Amino acid sequence: MSISSRNNIVIQIKNLWVSLKDRIILEDINLTVWDGDFLGIIGPNGGGKTTLLRVILGLVKPMQGSVQVLGEQVHKTGKHIAYVPQHAHFDQDFPINVWDMVLMGRLGQRRGRFYSREDQAAVKSILLELEIDALGKRQVGKLSGGERQRVLLARALVSRPRILLMDEPTNNIDSQFEARFYDILKKLSQEMTLVLVSHDLTAISRHVNKWACLNRKIVVGGKNDITPEIIAEVYQCSVNRIMHDQFRHIVAAPKGEVFR
Amino acid sequence: MDFWLYDFMRQAFLIGVIASIICGIIGSYVVVNRIVFISGSISHTAYGGIGLGYYLGFSPIIGATIFSLIAAIIIGMIGQRAEQRPDTVIGITWAVGMALGAIFVKLSPGYTADLMSYLFGNILTVPRMEMWYIFILSAIILGVVFTLYEDFRAVSFDEEFARVQGLPTSILNLILLCLVALTVVILIRIVGIILVIALLTIPAAIAIQCTSKLHIMMGISIILGICFTTGGLIISFFLDLPSGAVIIMVAALTFILAVGGNCIFSKYRAPRPGYKQNAKIKSRP
């Protein structure tokens, strides 16, 4: 991504409301993500973090409001947006190996009905990049939690997306690979827009340039807003479920962008 | 080899091979998607179509095709909405199809002698026209699977991911169920409505234990299916037993042997306490 395109809006959410099973999950969400941003989303369980990602992916229909990704309505953006889910929804017994699973990341790009040599080459290079080329022939059900997480990341990255959404990607990863994982993300943040949902506040504060706390409503802040006090405050929010209104004025400092 | 001298036996072998090919491919999708009971429901609903065929005087196999396609579409459409429990819909469709069949058969004038051949199959008495019909259905199924192989695999493996990648997953699922419906129609002639699920799933259920690649699973299923239909046919010829039932028994016995063998084998292979996993690798200081 060239520097000049850094000023483009990649995700724009306006006045978004989402309800699932007659429960309001997201309430009046306004969020703008610029090209090259590394956005971290934190918040309590059930606060709607995963739902927000699913709305951006077009998997959940909003009740009200608009979601634009790369200037288009969400359902047309498949090629440019990739997703690392929190829980992989696949069957452990499915007869497929790691190579073929990662190849599925090229579904949106394949020319014709089958995968090309170019697609195969993309798989090879991403497996090497993430140091999982030895796993290629392993059946996906026989992976450990950490290996599976890396394979999910590989499947997301193999399409060379412009936006990468990640839902708690470090949950099953050991601490040794976790450091490596954030190195990879740092490198990726040079090339693409990253959105990371995490419980890990230290990671968020160290790597992201923008953060959002989500508990039905959203509060957005810039990198400079991340002070220990605010982290403590937000952490409390995520643990004790303090309503946002209480700490809204804390982040409503002149530097921060607060969309409400 | 005197069974080879009979024309009807040669035709039965040919139909058995064609059906095994289709059955191996679609059966693999059925097993990996865990839609065995959807397939059961589709096949039982076909009975309503067979009854309707008798009642209105057209070919029961055409009626079976229409009814199983309708069942596939109903189950597919309702299964994609969250409000209804899919298993309830599967069960209701299953029973309504059978009930309609029973009513139509009762209303039909005259003697419905070969009704049993639809319930339990009879590969030996397939009329020429129906044989051509089976070939046409098989060609359609093969053509669709060849074009949509990767799409079906992606949707079967991780539907949500496939949707994010821009695949029309609802339509693909519906097409797959319609292919299952057409496969059921082919298999009705061979093993009958009641035994269809066994022939559809047993070869694939054995094959999935042998490989981690879907197309190899399909290949193994096809070979197994050919062995089961051919073997069952020969045994039924010599013992003078109903062919459909014998084919299913051959398949089921093989399945039991495969599962049993797999259990014993994996026990033998499993590491025991004191067993050095990486005996060949020198431990680093």
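Two strands pair if DSSP finds at least two bridges between them. I kept that rule at hand while reading this predicted model.

**Entry 1: strand S3 of chain A**

I began with strand S3 of chain A, which covers residues 38-42. I looked up the bridge partner of Ile41(A) in S8(A) and found Val197(A). Strand S8 of chain A spans residues 193-197, and four bridges join S3(A) to S8(A), the two running parallel. I then turned to strand S9 of chain A, residues 210-215, which pairs with S3(A) in the parallel sense, again over four bridges. Here I noted Cys213(A) as the bridge partner of Ile42(A).

**Entry 2: burial of S3(A)**

I next asked which residues of S3(A) point one way and which the other. Phe38(A), Gly40(A) and Ile42(A) point one way, while Leu39(A) and Ile41(A) point the other way. In a regular strand the side chains alternate between the two faces of the sheet. I recorded S3(A) as mostly covered, since five of its five residues are buried.

**Entry 3: the interface of chains A and B**

I moved to the interface and found 26 residues of chain B in contact with 29 residues of chain A. The area buried between the two chains is about 2700 Å², and carbon and sulfur atoms give 59% of that area. I recorded eight salt bridges between chain B and chain A. I examined the salt bridge of Arg113(A) with Asp151(B), where the closest N and O atoms are 2.9 Å apart. I also noted 13 residue pairs in polar contact across the interface, both residues of each being at pLDDT 80 or more.

I then asked which elements give two or more residues to the side of chain B that touches chain A. They are helix H6 (128-157), helix H7 (159-164) and helix H10 (214-239) of chain B. H6(B) provides the largest share of that side, ten residues. By class, I listed 13 nonpolar, five polar and eight charged residues on the side of chain B that touches chain A.

**Entry 4: Gln165(B)**

I closed with Gln165(B), located in the loop between H7 and helix H8 (169-191) of chain B. Is Gln165(B) buried or exposed? Its relative accessible area is 7%, and the cut-off for buried is under 20%, so I entered Gln165(B) as buried. Leaving out residues up to four places away in sequence, I found that Gln165(B) touches Met104(A), Gly105(A), Arg106(A), Leu107(A) and Gly108(A). With Gly108(A) I noted a further detail: the side chain of Gln165(B) reaches the backbone nitrogen of Gly108(A) at 3.2 Å.

Notes
Residues are numbered from 1 along each chain as its sequence is written. Chains are lettered from A and ligands numbered from 1 in the order in which they are written. This is a predicted model: local features need pLDDT of at least 70, side-chain atom pairs count only at pLDDT 80 or more; totals for chains, interfaces and linings use all residues. Side-chain values use heavy atoms; hydrogens and water are left out. Buried means under 20% relative accessible area, exposed over 50%, partly exposed in between (1.4 Å probe, protein chains only). Contact means heavy atoms within 4.5 Å. Buried area is the accessible area (1.4 Å probe) that two parts lose on being put together, summed over both. A salt bridge is a side-chain nitrogen of Lys or Arg within 4 Å of a carboxyl oxygen of Asp or Glu. A polar contact is a pair of N or O atoms within 3.5 Å; within protein, one must be able to donate a hydrogen and the other to accept it, and residues adjacent in sequence count only if both atoms are side-chain atoms. Ala, Val, Leu, Ile, Met, Phe, Trp, Tyr, Cys and Pro count as nonpolar, Asp, Glu, Lys and Arg as charged, and the others, Gly among them, as polar.
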